[in-house]
Amino acid sequence: MSEFLELEARDGVRMTWNVIPGTKQDAASCVVPVSAIYTPLNPNPAIPVLPYAPLRCRICRSILNPFSVADFGSKMWLCPFCFQRNHFPQQYSAVSQSNLPTELYPECCTVEYMATAETGPVSPPVFLFVVDTCMIEEEIGYLKSALAQAVELLPDQSLVGFITFGTYVQVHELGFGLLPKSHVFKGTKEIKKDQILEQMGFLTGKTKPTTGVITGARDGVSAESIARFLLPASECEFILNSLIEELQKDPWPVSADQRASRCTGAALSVAASLLGICVPGSGGRIMAFIGGPSTEGPGSIISKPLSDPIRSHKDLDKGSAPLYNKAVKFYEEIGNQLVHQGHVLDLFACALDQVGVAEMKVAVERTGGIVVLAESFGHSVFKDSLRHIFQSSDSDLGLSFNGIFEINCSKDVKIQGIIGPCTSLEKKGPLSSDTVIGQGNTSAWKMCGLDRKTSLCIVFDMAKKDAPDAIGQSQNNLFYFQFLTYYQHHDGQMRLRSTTISRRWVAGSGSVQELITGFDQEAAAAVMARLVSFKMEAEVDFDPVRWLDRALISLCSKFGDYQKEAPSSFSLSPRLSIFPQFIFNLRRSQFIQVFNNSPDETAYFRMMLNRENVANAVVMIQPSLISYSFQSGPEPVLLDVSAIAGDRILLLDSYFTVVIFHGITIAQWRKAGYQHQEGHEVFAQLLQAPQEEADSIIKERFPVPRLVVCDQYGSQARFLLAKLNPSVTYDSDTPPPPGGDMIFTDDASFQVFMEHLQRLAVQ
């Protein structure tokens, strides 16, 4: 496993099969698809940044890389993708074996090219705040203090705009400093770009062109009219702060049996059009702070009477959520508009009720936006996450904008698609597979927003029909992949990052052992989780548990060691041995078991899964559990109910929540205050250790996880018990040991699951 981690640290790539099944038939029998999880902006200080333009192959447009064969005598290089011979240009005239350009060094598989004069000027990032005012005074108070903090942390050169909405949408004119001035739009209907141009005076004194779309300064929108609504943060700090200070609850009366009339859809539509008019094609983010469900105008998810319950998973399955499909279609249109303009939608949804994340998911995910879901604007999950976005530290996000992602690969490999925060640019070519998964039918994708953690899951397809002769195979059995990310760096300049990797391929029945040595079970679990989540949303009547079980049985019967019809003889290589455990936990995870979660929560969990790297995805699927006790230092323990003991503290990290669980004896001592007494310093340290570990997890993670501190038999112990393997239940033959615990469930335990798997795999 360590060699996979080293490759990931260097190039940001984890592949399910590091020795690739070379033919269509072999790949199909391997069950887990050949795929890569790639983090385009993987932070690695060793990546060289080159101050010149890349050298491209004139046929396939791939970039010079360590796998290109250079002929120094004739000053030519051979492209490993299309085998075209290319000339080195004049500036490479001094290249020789002893004087290689950086991009040909074998260790420089990933290089970054910095903008040269021709790639355009440095453009500042744009932040457009869209703030909901239909909330109780207390919530507005929390939001005001969080926004005031965020405004202080904004980069000085960045442009800022401010929109508030309730029953109506108000666009505030920050450039008019004499008194507060805003443009008001009705929330009941969609507001088109033309209407905004006219009503907000972008065309005063000019005649509107009869054809084409008006966008940006180059199409006649003057810099003065843009500066009325979008100003550099350093210039409008005072006005912004006074606007935030004076924020008040939406003044329209709401009767006791009705929901507030909130026009979220109209507000986002105005925000998208405003950015499209003022700054098309330069990096911008709409940051929407929403405190309840949309009930007014386009994109509304629920009617106003409180007697109508908000949609649940059951309603969506039965088709009895009348507004759902219409709202999804509306937000999909907004998403397409934002992708076309190159802008991002970020969502901060803080309410006890659902706010419509499930409907807005499509717009957020396609633009690569950030989502934070919390119960209140006063909750640390929201406050700390918002601060984390803007603060500059070692673990900062490094927000980047306006990316285009392209893939080149060897001709026997095709691309089925990408599952992750991006949108297909419909650039169909010889690399596109006929089978489409996620954003497919293309070899280029738009990534409006990306940061250091954004990870894409690329699913490949093997094009070779049958195994070639063994003689031909030995000569060149390497597949090459090149990932190109062209993006606006967080300091404003355009950059291009190129990662080129090669993997060996094998074919035929004798290659099973080689395939096993290259299998990365963590990456495979992350890919299967993304695939099954995608299928649950895309396919009607899809049974996820059955699909996962069939896949696991097929994998085990192909790669396991066993004698036919003898379950006790079954064993798996260490390279595959943890995979069944991952699948067992994935079947029980929040991605598949939607019972007890709202559609908003499920959409949030899946969005996070689809943008995180392998290590984080594995924690979401199978949480880590660390035990603290007097007998030993902190040690990882099995995710099993048998880990609970009266004299132990357990620390569970399930990515979205971090749980510190005190055994019953420890809890009684803590309540008696022993940790404050002399002679009990060791106990005080034992209580402190898991708290420090939890703090370090919370500090590095985004969005900030929820911290739950609980005691055995307490009501919040459910956060831990729900994740544990139920090896001891209420009807087990052996009761738990004193101080231990059991789980009241009829779910099968991991032991039973493995017995069934072994029985079916050896058939």
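Me: Let me start with burial: are Phe584 and Phe750 buried or exposed?

Reply: Happy to help! Keep in mind that this is a predicted model. Burial is read from relative accessible area, and under 20% counts as buried. Here, both Phe584 and Phe750 are buried.

Me: Which aromatic pairs should I look at, and how many are there in the whole structure?

Reply: A search of the whole structure turns up 35 aromatic pairs. To label one, look at the angle between the ring planes: under 30 degrees is stacked, over 60 is edge-to-face, and the rest are tilted. Phe405 and Phe483 are a stacked pair, with 6.1 Å centre to centre and 20° between the planes. Phe405 belongs to strand S17 (residues 400–409) and Phe483 to strand S22 (residues 478–488), so this pair ties together parts 78 residues apart in sequence. Phe405 is buried, at a relative accessible area of 0%, and Phe483 also counts as buried at 0%.

Me: And what is the geometry of the pair formed by Phe584 and Phe750?

Reply: That pair is tilted, with 5.3 Å centre to centre and 55° between the planes. Phe584 sits in helix H16 (residues 579–588) and Phe750 in helix H22 (residues 750–761), so-called distant parts of the chain, 166 residues apart.

Me: Which residues form an aromatic cluster?

Reply: Phe129, Phe289, Phe348, Phe377 and Phe382 form one.

Me: Where does the charged end of Lys464 sit?

Reply: For this feature, check how far the charged end is from the ring centre and whether it lies close to the ring normal. The charged end of Lys464 sits over the ring of Trp505, 3.9 Å from its centre. Lys181 does likewise over the ring of Phe176, at 4.7 Å from the centre.

Me: At what angle do helix H3 and helix H6 pack?

Reply: Helix H3 (residues 137–153) and helix H6 (residues 233–245) pack at about 170°, and their axes are 9 Å apart. Over 145 degrees counts as roughly antiparallel, and H3 and H6 are therefore roughly antiparallel to each other. On the H3 side the contact is made by Lys144, Leu147, Ala148, Val151 and Glu152, and on the H6 side by Glu237, Leu240, Asn241, Ile244 and Glu245. By class, that contact has five nonpolar, one polar and four charged residues.

Me: One last residue: where is Leu397 placed?

Reply: Leu397 is in the loop between helix H11 (380–390) and S17. Leu397 counts as buried, at 2% relative accessibility. Leaving out residues up to four places away in sequence, Leu397 touches Ile370, His388, Ile389, Asp451, Arg452, Lys453 and Phe702.

Conventions. Residues are numbered from 1 along each chain as its sequence is written. This is a predicted model: local features need pLDDT of at least 70, side-chain atom pairs count only at pLDDT 80 or more; totals for chains, interfaces and linings use all residues. Side-chain values use heavy atoms; hydrogens and water are left out. Rings of Phe, Tyr and Trp (its six-membered ring) pair if their centres lie within 6.5 Å; planes under 30 degrees apart count as stacked, over 60 as edge-to-face and the rest as tilted. Helices (H or I, at least four residues) and strands (E, at least two) are DSSP runs, numbered from the N terminus. Buried means under 20% relative accessible area, exposed over 50%, partly exposed in between (1.4 Å probe, protein chains only). A charge sits over a ring if NZ of Lys or CZ of Arg is within 6 Å of the ring centre and within 35 degrees of the ring normal. Axes are lines fitted to C-alpha atoms, for helices over the stretch in contact, and angles run from 0 to 180 degrees between N-to-C directions. Angles under 35 degrees count as roughly parallel, over 145 as roughly antiparallel, 65 to 115 as roughly perpendicular and the rest as oblique. Contact means heavy atoms within 4.5 Å. Ala, Val, Leu, Ile, Met, Phe, Trp, Tyr, Cys and Pro count as nonpolar, Asp, Glu, Lys and Arg as charged, and the others, Gly among them, as polar.
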